[in-house]
Amino acid sequence: MHDTAGGRVKTARDGWPFRSRALTALFLSTATVSAAFLTPLSAQEYSFNQVTIEGNVLVDNATILGFAGIKRGQVLTTGGLNDAYQGLVRSGLFETVEIVPQGGRLLIRVAEYPMVSTINFEGNKRLKDEELADIITSKPRRVYSPSTAEADAALIADVYRARGRIAATVTPKLIRRGGGRVDLAFEIAEGRVTEIERLSFVGNRAFSDRRLRQVLETKQAGLLRTLIQRDTYVAERFDLDKQMLRDFYLARGYVDIQVTDSSAEVSRERDAVFVSFSLREGRQFRFGTISTVSEVAGVDAAEYEALAKVRSGVVYSPLVVENTIARMENLALRNGLNFVRVDPRITRNDRDGTLDVEFALVRGERVFVERIDIEGNTTTLDQVIRRQFRSAEGDPFNPRELRQSAERIRALGFFANSDVEARPGSAADQVVVDVNVEEQPTGSLSFGASYGVNSGVGLNIGFSETNFLGRGQAVAVNLSSGVDSANSSISITEPAFLGRDLSLSLGAFYNETDQQNAIYDTASAGVSASLSFPVGEISRMELRYGLSENTIKDYVGVSIGGTTVFDPTIEADALREGELISAIGYSYSYDTRAGGLSPDRALVLRFSQDFAGLGGDAQYVETQVQALAERKVLNEDVTLRAIFEAGAIASVGDYKTRLTDRYFGNGKIRGFEGNGIGPRDTVTDDALGGNFFAVARFEADFPLGLPEEYGITGGLFLDVGSVWGLDGGANTAVDPVTGVSTPIDTGFNARAAVGLSVLWDAPIGPLRFNLSKALQKEDYDKEQSFDLTISTKF
């Protein structure tokens, strides 16, 4: 602590110098004072007739005597005087303390700590004064305390260290103003951000350093180190990183994995850290013999064995075992067996690298949930947390279900920390479940920009809140504007409609195009409602209804030889003005990624149908199919992917599809412009769209040898597909100059393109640069050899 009034301020914390002076005065006084004033009762005992206190202004005499523990006429020893001194020091109210015996009178002289007038922060740029004021406990118009000021300096330094500035120093500075008042200033030297210069691993043989870096929450500083926050050094993050490494290896059959050590070496300039994780991988195990036995009378193991969807020879995964146990215990509950538990008994076979798993049905303890106590949720309602539990007060207690509930609470994303523990209840057969959470911000306001070769530059504004009013509801509002388009949408989702696993979503949108070079513009507006629910462990069903209006406007035709020519198909659609579409539909999805059964592969299937004609103008049935198969190979450094998509729209009755109903294949097949394939009026060069589309895409993503922290990888792709079929408008195009009629090609004509991609995980989002070459096309197709888009996942 420094005092600008000059020199070092002696405080009560200096202790011993003051004690020495007091004791010296004590011994001198005992040698010279007469017996009438100080009467020795024994060699070390003294009795004072009077206690005098000097220097106190704010603290009254009674309080000081209380801290000193001295009463008038009390017999004191030398140790007692020292205790009195220490009691005054520990009070934290006095800058200096002196205890001086003066004959039969004991003098206590104190100097009170001054009052703090203002608190200032100097040198801080990264953190605002308001943020720092909320951190410290020192406050204006309170008595100054050196220990509190030192503790506040340490708190501020800790905040800077948590943000990667481990070289930051904070020094409290005292400025005396007179009149018993001082100003307190914290001098801050922020220092530079301490970045993770290098993340390395020792002992890893099965997976490369690059692959393991992708697992960690901590990232290595790279090309955009000024924009990426996760490359700053935060020591507290390493525990999470080590757990993520263990989980990664366990999910891939390495049951002996050990993260033996993690070390961090700071550079001499203290602006960089070199982090190393030491691993002991062990060998990879696979499932061996799988069996189910029952140790509960009257319970047939065969019924439960049918639920063990584990195959011998497959790489061992604890998650597969946990999911199997959950299925078996759920079946036991449905059969009225509340206290039957499934005990996985694993036998290790080191010779062939397999683990035999025996699922044993055993009788568990008769323990019930007495109550569930929730603390720390200042915003989130209790019911949002309680519905993550499959059991309530009075239900049988299941430890495995408790762990799964804890995982569901963490997966909400509402809390920075969450702890779920069970403790003994009021009786031997009762437990109390304690839930302690720490809220974190769940809303975001985003501003961004996008670019596409076809769409140009666009601006985006979005607001999202995943825990609206603490009810667990998700609200999103998005506005985007491009060179020739504007889109807006709003949605709200209730994930637990009627208190069940039903997700209710309501939405509205308005989109319009105003393209400078287009011969017509479009506008669409609508509302929608959907209800989705699980139909299996990794499958869901969605039911929906949508009401929208699509309009084709400002159709100007094309000038050919001084004559304005209108495509009859587009003209007919434009004359129909606004078309009201009222449709009900459903979707079924199957996604193995949801269960995490195979971390190195994925299978996704989606099937949907919409039936338009429940009122409105349009009458058709639209069917779409999507499928994805993905596999990571070569120690998961290379990802192979095959995607198939198809759609068909079939008119009902006399209804003919419009431009706004049909498919144009935009973005489905790379190597072609938007609206670049499918049926086309070759006279006006207008794309007419098709009633059918199908495309198969084959991709491979791989590292380019660049540092992983740059986020740049490469890819190869092959796209094959087509857009075809037309049930509305004319089948020929007539040249107004020559009068020659040309048939419109509506048949299935396969297109194919091959190309190279560069994928960049940029701060604004994942970008994909595509260089492509059309291998098979029609003469009227529109090719595009380069494309830049936002990379999307299936």
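1. Crossing of α9 and α11. In this predicted model, helices α9 and α11 cross in a left-handed sense. Their axes lie 11 Å apart and make an angle of about 120°. An angle of about 120° falls outside the range of 65 to 115 degrees that counts as roughly perpendicular and is not over 145, the limit for roughly antiparallel; the two helices are therefore oblique to each other. On the α9 side, the residues that meet α11 are Glu322, Ile325, Ala326 and Glu329. Their partners in α11 are Arg400, Arg403 and Gln404.

2. Length of α11. Helix α11 covers residues 399-411, which makes 13 residues. At 1.5 Å a residue, a helix with this number of residues should span 18 Å. The C-alpha atoms at its two ends are 19 Å apart in the model, in agreement with that expectation.

3. Buried face and ends of α11. The buried residues of α11 are Arg400, Glu401, Leu402, Ser405, Ala406 and Ile409. These buried residues pack against helices α9 (318-334) and α10 (382-386), and also against strands β14 (340-349), β17 (415-424) and β18 (430-439). Arg400 thus appears both among the buried residues and among those that meet α9. At the start of the helix, a side-chain oxygen of Asn398 comes to within 3.0 Å of the backbone nitrogen of Arg400. Just after the helix, Gly413 adopts a positive phi of about 80°.

4. Asp591. Strand β28 (residues 579-591) contains Asp591. This residue counts as buried because its relative accessibility is 18%, and the cut-off for buried is under 20%. The side chain of Asp591 reaches the backbone nitrogen of Arg593 at 2.9 Å. When residues up to four places away in sequence are not counted, Asp591 touches Ile538, Leu603 and Val604.

5. Asp600. The loop between β28 and β29 (601-616) holds Asp600. Its side chain forms a polar contact of 3.3 Å with the side chain of Arg601. With neighbours within four places in sequence left aside, Asp600 is in contact with Glu630, Arg631, Lys632 and Glu636.

6. Glu365. The loop between β15 (354-363) and β16 (368-375) includes Glu365. With a relative accessibility of 65%, Glu365 counts as exposed, since the cut-off for exposed is over 50%. The C-alpha atom of Glu365 is separated by 8.7 Å from that of Val340, a residue 25 positions away along the chain.

7. Positive phi at residues other than glycine. Asn675 is not a glycine, yet it has a positive phi of about 60°. Asn675 is placed in the loop between β31 (638-651) and β32 (680-681). Asn675 counts as partly exposed, with 30% relative accessibility. Asp685, also not a glycine, has a positive phi of about 65°. Asp685 sits in the loop between β32 and β33 (686-687). The relative accessible area of Asp685 is 35%, so this residue is partly exposed.

8. Overall composition. The secondary structure of the protein consists of twelve helices and 40 strands. The protein has 794 residues, of which 43% count as buried. Among contacts with a separation of 6 or more, 60% are between residues 24 or more positions apart.

Notes:
Residues are numbered from 1 along each chain as its sequence is written. This is a predicted model: local features need pLDDT of at least 70, side-chain atom pairs count only at pLDDT 80 or more; totals for chains, interfaces and linings use all residues. Side-chain values use heavy atoms; hydrogens and water are left out. Helices (H or I, at least four residues) and strands (E, at least two) are DSSP runs, numbered from the N terminus. The expected span of a helix is 1.5 Å times one less than its number of residues. Buried means under 20% relative accessible area, exposed over 50%, partly exposed in between (1.4 Å probe, protein chains only). Contact means heavy atoms within 4.5 Å. A polar contact is a pair of N or O atoms within 3.5 Å; within protein, one must be able to donate a hydrogen and the other to accept it, and residues adjacent in sequence count only if both atoms are side-chain atoms. Axes are lines fitted to C-alpha atoms, for helices over the stretch in contact, and angles run from 0 to 180 degrees between N-to-C directions. Angles under 35 degrees count as roughly parallel, over 145 as roughly antiparallel, 65 to 115 as roughly perpendicular and the rest as oblique. A crossing is left-handed if the near helix is turned anticlockwise from the far one by less than a right angle, and right-handed if clockwise.
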